[in-house]
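Let's take a walk through this one, starting at a ligand and ending at a couple of annotated positions.

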Amino acid sequence: MTDQPLRVAVLGGGSFGTALASIAADNGARVRQWLRDPALAEQINREHVNGRYLPDYAINPAVVAATGMAEVLEGADLVLVAIPSKAFREVVRQARPFLAPQQILVTTTKGIQEEGFKLMSQILEEETGFAHIGVISGPNLASEVADKQLTATVIASDDPETRTRVQTALGCDYFRVYASNDRYGVELGGALKNIYAIAAGMAAALGMGENTRSMLMTRALAEMSRFAVAQGANPMTFLGLAGVGDLIVTCSSRLSRNYRVGYALGEGKSLDEAVEALGQVAEGVNTVRLVRDKARAEGIYMPLAEGLYQVLFKGVPAKEMAKMLMLGEQSSDVEFVLAREDVQRAHRERAGETGGEHG
Ligand SMILES: NC(=O)c1ccc[n+]([C@@H]2O[C@H](COP(=O)([O-])OP(=O)(O)OC[C@H]3O[C@@H](n4cnc5c(N)ncnc54)[C@H](O)[C@@H]3O)[C@@H](O)[C@H]2O)c1
Ligand SMILES: O=P(O)(O)OC[C@H](O)CO
């Protein structure tokens with residue numbers, strides 16, 4: 001009896017979906033990719049290039065693209081869903097009639113659904129009720145993955161079969177796949193870092209230096225962890241690839257779409273102009289609004305998210321906001337070591353002793 005190759009289906013014809021499809025094919029899987037645009041599907045099949053999203057990289061010729069859900073999903077062992085958050089549920093619903101419970105369903109999408117503040121793996125679970133559900137997230141700029149630059153990612157699932165099958169399907173000599181059982185933390189990290197990538201792009205366009213970038217990234221990590229703890233997630237996950245790893249790459253690279261939107265805003269473009277010039281989805285624009293609203297509703301201190309919200313949606317100039325943030329509370333460096341409340345209490349006590357002298 002011969003071993004059947006793994007059968008992988010990728011939903012989405014964007015840059016990351018395409019890069020992952022090519023890796024799976026490099027590893028010997030039978031790969032089918034679903035996308036909406038018949039001309040792009042034809043180009044992938046004929047020229048082995050995705051001219052719209054990854055024009056400069058060759059795709060493994062074994063990847064077969066198609067616009068029919070049924071033919072792509074038929075017999076698939078592993079389904080990777082790489083669709084922007086706004087269309088994610090709609091596409092999963094389209095796929096649902098062709099899915100089966102033994103399949104492994106994995107999201108790569110770093111975004112949040114507004115209704116119910118749902119992460120994409122929660123949507124996979126709600127729409128299918130299947131047991132094998134996971135999340136891929138990490139410092140993974142798609143064009144670098146397509147260029148076979150040495151890269152690492154995380155597969156997060158509480159299901160060991162999902163973790164090991166994805167590690168086998170995608171792990172190779174240029175792409176390492178580390179495992180986590182904190183699906184919520186890994187997924188939340190991927191969504192939250194997009195907010196701070198916009199801020200980092202903005203800071204770069206305003207000519208701010210390396211100290212500023214380092215402060216921004218580190219305070220972003222503190223803010224992300226604070227939010228995660230409030231949502232019941234394990235903040236330790238943010239020490240890994242899907243937390244600090246992804247934060248570093250997305251806050252440092254012009255290859256990041258979120259960083260580029262921030263950069264355009266820092267150059268004085270309006271949000272509409274910045275998004276239009278990008279021509280792709282920067283998930284952070286929507287995420288900042290959702291996270292800021294949730295933080296306010298739940299009383300979570302998130303000055304960076306609030307400041308960015310004011311710049312993006314309320315017309316506050318980015319430079320003004322940076323100045324205001326520098327005059328905000330000087331709280332604890334690492335809140336797991338020294339609680340923020342302890343710093344605040346010490347300031348209040350000192351102010352009481354000195355009759356309000358600045359602490
Ligand atoms: N691009 C990256 O570097 C990268 C890296 C890691 C993770 N991700 C995440 O993976 C997800 C997918 O990213 P991507 O870069 O592959 O693609 P993308 O976000 O640019 O778009 C994905 C694809 O979805 C399609 N699409 C959009 N709306 C649709 C709809 N209503 N119905 C059907 N298809 C629709 C687009 O046509 C495109 O082919 C993103 O949400 C992103 O957060 C991206
Ligand atoms: O292009 P972005 O900003 O969506 O970021 C891409 C990836 O998330 C980087 O890991």
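In this predicted model, helix 10 gives the largest share of the shell around ligand 2, with 3 residues. That helix spans 241–250, and it isn't working alone: helix 8 (183–205) and helix 11 (257–266) each supply at least two shell residues as well. If you want to click through the surroundings of ligand 2, pick K110, P139, N140, L141, N194, A197, D246, V249, T250, S256, R257 and N258. By chemistry, that shell splits into 4 nonpolar, 5 polar and 3 charged residues. Both domains pitch in too, since domain 1 (7–181) and domain 2 (190–328) each provide at least three residues of the shell around ligand 2.

Now for the annotation. An unreviewed UniProt entry lists G12, G13, G14, S15, F16, G17, A142 and R257 under "binding site". R257 should ring a bell, as it is among the residues surrounding ligand 2.

Two of the other listed positions deserve a visit. G12 sits in the loop that links strand 1 (7–11) to helix 1 (15–26). Is G12 buried or exposed? It counts as buried, because 25 C-beta neighbours fall inside 10 Å and the cut-off is 20 or more. Skipping neighbours within four places in sequence, G12 touches G17, L35, V81, A82 and I83.

S15 belongs to helix 1. S15 is buried as well, because 23 other C-beta atoms lie within 10 Å. With the same sequence neighbours set aside, S15 contacts Y53, L54, A142 and S143; of these, A142 is itself on the UniProt "binding site" list.

Key:
Residues are numbered from 1 along each chain as its sequence is written. Chains are lettered from A and ligands numbered from 1 in the order in which they are written. This is a predicted model: local features need pLDDT of at least 70, side-chain atom pairs count only at pLDDT 80 or more; totals for chains, interfaces and linings use all residues. A residue is near a molecule or strand if its C-beta atom, placed from the backbone, lies within 6 Å of it. Helices (H or I, at least four residues) and strands (E, at least two) are DSSP runs, numbered from the N terminus. Ala, Val, Leu, Ile, Met, Phe, Trp, Tyr, Cys and Pro count as nonpolar, Asp, Glu, Lys and Arg as charged, and the others, Gly among them, as polar. Domain bounds come from an automatic or database domain assignment. UniProt positions are given in the numbering used here, feature names are shortened, and annotations may be inferred rather than shown by experiment. A residue is buried if 20 or more other C-beta atoms lie within 10 Å of its own, exposed if 12 or fewer, and partly exposed in between; C-beta atoms are placed from the backbone. Two residues are in contact if their C-beta atoms, placed from the backbone, lie within 7 Å.
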